[in-house]
Amino acid sequence: MVTSTLRRLGIAVAGGLVVLGACATDDELAEPRPTVPVVTTAPVDEMPTAVQPDNRTQSDNPGTTDSATTTDNQTQSDNTGTTDSRGQPVRADGNVLNANIALEQVISLDEPIDMATAPGDPMVWIAERGGRVLRVDLAKGEVVETILDLSAETIAVGEQGLLGIAVSDDWLYANFTDKNSNTRLEAFKREGTSLSGERRTILRQTQPYRNHNGGAVAIGPDGHLYVAFGDGGAGGDPLDHGQNPTTWLGSMLRITPTPDSTEPYAVPADNPFASAQGTQGDASLGSPEVFLFGVRNPWRFSFDPGTGDLWIADVGQDLYEEVTVLLAANGGGVGANLGWRLREGLHEFTGDKPPGNVDPVWEYGQDDGCSVTGGFVYRGSEIDELVGSYLFGDYCTSRLWAVQISSGEVVFRDFGVAVPGGSLASFGQDADGELYALSLEGPVSRVVAG
């Protein structure tokens, strides 16, 4: 079905490879498709001057996007230097069309949902949706210890539970829904490879519904903490959160945690609404913590270790799943509006493109999947041709795909590989840049050369 769909859209298919060079002919797809983002010295559009209220789960292959060669400036951000964020030499990008991968299961856990590296610890830390954070030896496939157990404070049901973790030199940050279905971001003091018992609440957010909690949390190349919130739930964003940056819902936040200080966090001075006065929801333009907005339910975001570019996978409503890249050379998406609920992917949902709108670099229809699961740009050393490509997939089909933009065009690859157990919930990256796929059914699998 996928191959026939791609051919109907005018996209060349050969041996499971897709090269996006032809334009779709369907009337439905007559509008411009995503293009490789360009480096620009100014915002795409003016920043919003006022809030203007306006009035699903995964398939096989994307097939609604063709490539376009950009004509101004650069087509992507250059590598930031000779080393990446891990201090490793930045390697030349490979050719994703020549890449082949396989999956090797290394361990099975209870609903693994996120994975993080902890500075100074050779093991990885893996979160289970039920509330535990485990220290795991991936080489041996063994759980070394339970670092944190929040099972008495959360309920793993639907889209709730422990949803994301990030680890700094001194703190573990855990993003979860409490037993009242509201979001909490808590900081736990590190003591070597374990925790000291000291704890501090960083953020609290009331959730109007039980779905679309977002939950991803990551430390950016700038050292700030990024936190993703969905639009608050239900369907169709009934409370208009996506286009309202005065609320955290439907936004990505950027903060500087200060768990040891009087205030639990500070706002970076270059946040788009940092100068706005008042508490959350009271600022006339936007909440100071908001970094970007217009998202529905961002299910995983990550930073390219080689370039600092920010990749976001946003789950669609009825028709389209989307992947957006925000170049570090353009500020990493500061003040960007990803369009929801005016837009779903590249298409109108309730209205025209808003000011500051950023289109996705890739979208796929829900005939080919039901809920996008975001991943990472590969910067490891074991799969040469995958270097520089963004690996992601779909929760329902659990198939692994990649998008590459470094050639000046959007190139898509379907690897024909599905995650053992299905239910592709997340990806992980170890200290060497090698990638792992996490299934809510239990398996944690290493991505290896196929």
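This report looks at Arg254 and the strand that holds it, in a predicted model.

## Where Arg254 sits

Let's start with the address: Arg254 is in strand E14, which covers residues 251–257. Is Arg254 buried or exposed? Its relative accessible area is 5%, and the cut-off for buried is under 20%, so Arg254 counts as buried. The strand around it is mostly covered too, with six of the seven residues of E14 buried.

## What the side chain touches

Two polar contacts link the side chain of Arg254 to other side chains. One goes to Asn271, at 2.8 Å, and another goes to Tyr226, at 3.5 Å.

Tyr226 and Asn271 also turn up in the contact list of Arg254, once neighbours within four places in sequence are set aside. The rest of that list is Asp222, His224, Leu225, Pro268, Asp270, Glu289 and Phe291.

## How E14 is paired

E14 has antiparallel pairings with E13, E16 and E15. With E13 (residues 225–228), the pairing runs over four bridges; here Val227 stands opposite Leu253 of E14. Tyr226, the polar partner of Arg254 at 3.5 Å, falls within the residue range of E13.

For E16 (residues 290–293), there are three bridges to E14, and Met252 is the residue facing Leu292. Phe291, one of the contacts of Arg254, lies in the E16 range.

That leaves E15 (residues 265–266), which pairs with E14 over two bridges. In this pairing, Pro257 stands opposite Tyr265.

How values were computed:
Residues numbered from 1 in each chain as written. Predicted model: local features only at pLDDT ≥ 70, side-chain atom pairs only at ≥ 80, totals over all residues. Heavy atoms only, no water. Buried < 20%, exposed > 50% of the residue type's maximum accessible area, 1.4 Å probe, protein only. Polar contact = N/O pair within 3.5 Å; in protein donor to acceptor, adjacent residues only side chain to side chain. Contact = heavy atoms within 4.5 Å. Pairing = 2+ DSSP bridges.
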